[in-house]
Amino acid sequence: TYGATSANLAYDLGEAAEGEIPAATGSLTRAEPENWNVGVYAMEIGSLALTDSDNFLASNYALNFASADLTIEPRPVLITVDGASKILGDPDPVFSGSVEPLSANSGVLTGESLNARFVRADAGQSDSVGAIINLTAEFENPNNNYLVTVSGGSMEILGRVTYYANYPNGLEQRTLVDEASYRLGDQINMLGNAMAAGWGSSELRFVGWETADGEPFNGGAIGEQNIELYAQWDVLRHLQIRYWNPAYGDVAAPTNLYLFQGDGFTYEAASVIGQTATTAVFGDGSQGMPVSGSGTMPDADYVVTILYEYLKVDRPVVPDDSGEPEGQQPESTPNPETAEQQTVAPVKRASYFTISEMEIPLSGIASRSVGDSIE
């Protein structure tokens, strides 16, 4: 085997005359005695010669040499390739492996190297999630002194699921939320919640995931390609309930709520001193509503305005320049056709009024904090 630096070149002497045992001195040699590479080498007679012994006289014989060959066999070596994995689309990792260490009858000799490199077995094999890529080793073997066996490895192609945050209007905002790798057929773990960068929890509500092509995604198994998921959000909208007098504007601070699209809300007109709630109208005043009721939050800021009649406040009765009390008119003359009916001029009403420190009970007005459910 390659690696032996000497060889026992044995020989046999033929038969001599009866009762005589042949004897010899010296040794055989071989061709290219300094070359110990794998190969076949012819043996030569070298210094081998017959010699006298107790009952053997060498001069009575002639030595005829029948040549043979010396064969040096390759030294066995095992190269083992390690397994690997990567995510689809990523560059190949640096593959690794090991070469069998030196032992009595195998392994690479000290001071020598096979310069093993670990590579794909088939450079043309395409990648997809779930594909198994065969790996092997390339090596150098000068003079073919080694009988190399490669125990190949494999690389598994994994899939990546990437979670991004994006704006509520669907425009891509490639802000990485999380990512994970999966094997083909694994069930994708859905993130239960995620926060879009730059948006506070009081302004957004996480509502689900969609794929990069805009399709809703409710979970499932990873396929042969990577997948990108984008968080979808609802935006809090401003709902304002106002108590408004046509002549004097707001009669109390508006009630402000913050709801998501589709949330329900209720409202109820509270009693205002000396006034009667007549109606309520949506934001632009185009749609009349009862003074008590409910609605569903649209995808926009919204105002419900509860309208009130004028205050009916009697002015004091004071004399005017005519001598008649201001605010009071003489009785009218009965109409002959309605003799039994007597009419009195109405009392004048004030054209202005002042209300200070007015409180409007709002117990009937819907209100909630962000995150509360709407019944």
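Leaving aside neighbours within four places in sequence, phenylalanine 118 is in contact with Ile79, Thr80, Val81, Phe95, Ser96, Gly97, Ser98, Thr136 and Ala137, where contact means heavy atoms within 4.5 Å. The model is a predicted one, in which local features need pLDDT of at least 70 and side-chain atom pairs count only at pLDDT 80 or more, while totals for chains, interfaces and linings use all residues. Residues are numbered from 1 along each chain as its sequence is written, and side-chain values use heavy atoms, with hydrogens and water left out.

Phe118 is among the residues with the most contacts inside the largest nonpolar core, a set of 26 residues, together with Ile79, Leu114, Tyr146, Met155 and Ile157. A nonpolar core is here a set of buried Ala, Val, Leu, Ile, Met, Phe, Trp, Tyr and Cys residues joined through side-chain atoms within 4.5 Å. Buried means under 20% relative accessible area, exposed over 50%, and partly exposed in between (1.4 Å probe, protein chains only). At least two residues of this core come from each of strand 3 (39-44), strand 5 (69-72), strand 6 (75-81), strand 10 (132-138), strand 11 (146-151) and strand 12 (153-165). A second, separate core has 14 residues, including Leu257, Tyr267, Met297 and Val304. In soluble globular proteins, nonpolar side chains tend to be buried together.

The protein has zero helices and 26 strands; helices (H or I, at least four residues) and strands (E, at least two) are DSSP runs, numbered from the N terminus. Of its 375 residues, 29% count as buried. Among contacts between residues at least 6 apart in sequence, 61% join residues at least 24 apart.

Strands 2, 3 and 5 form an open sheet in the order 2-3-5, with antiparallel pairing. Strand 2 and strand 5 stand at the edges with a single partner strand each, so one side of each is left without a neighbour in the sheet. Two strands are taken to pair if DSSP finds at least two bridges between them. Strand 2 (residues 29-30) is joined to strand 3 by two bridges, and threonine 29 stands opposite glutamate 44 in strand 3. Four bridges join strand 3 to strand 5, with valine 40 opposite threonine 71 in strand 5.

Asparagine 134 is placed in strand 10 and counts as partly exposed, at 43% relative accessibility. Its C-alpha lies 4.5 Å from that of serine 154, although the two residues are 20 apart in sequence. Beyond its neighbours within four places in sequence, asparagine 134 is in contact with Val119, Arg120, Ala121, Asp122, Gln125, Gly153 and Ser154.

The loop between strand 10 and strand 11 contains asparagine 143 and asparagine 144. Asparagine 143 has a positive phi of about 60° although it is not a glycine. For asparagine 144, phi is likewise positive, near 55°, and this residue counts as exposed at 53% relative accessibility.

Two further strand residues were examined. Threonine 211, in strand 14 (residues 204-211), is buried, with a relative accessible area of 12%. Outside its neighbours within four places in sequence, threonine 211 is in contact with Phe217, Ile227, Glu228, Leu229 and Tyr230. Serine 292 lies in strand 23 (residues 292-296) and is partly exposed, with a relative accessible area of 38%. With neighbours within four places in sequence again left aside, serine 292 is in contact with Tyr267, Glu268 and Ala269. Serine 292 and tyrosine 267 are 25 residues apart in sequence, and their C-alpha atoms are 5.6 Å apart in space. Tyr267 also belongs to the second core.

The largest pocket holds about 360 Å³ of space. Of the 21 residues that line this pocket, Asp12, Leu13, Gly14, Leu63 and Asn64 are the closest to its centre. A pocket is an open set of points on a 1 Å grid over the protein atoms alone, where a 1.4 Å probe fits, with protein on both sides within 12 Å along at least five of seven lines; lining residues have an atom within 4 Å of a point. Grid points are joined across faces, edges and corners, and a volume is the space filled by probe spheres set on the points. The lining divides into 17 nonpolar, two polar and two charged residues. In this division Ala, Val, Leu, Ile, Met, Phe, Trp, Tyr, Cys and Pro count as nonpolar, Asp, Glu, Lys and Arg as charged, and the others, Gly among them, as polar.
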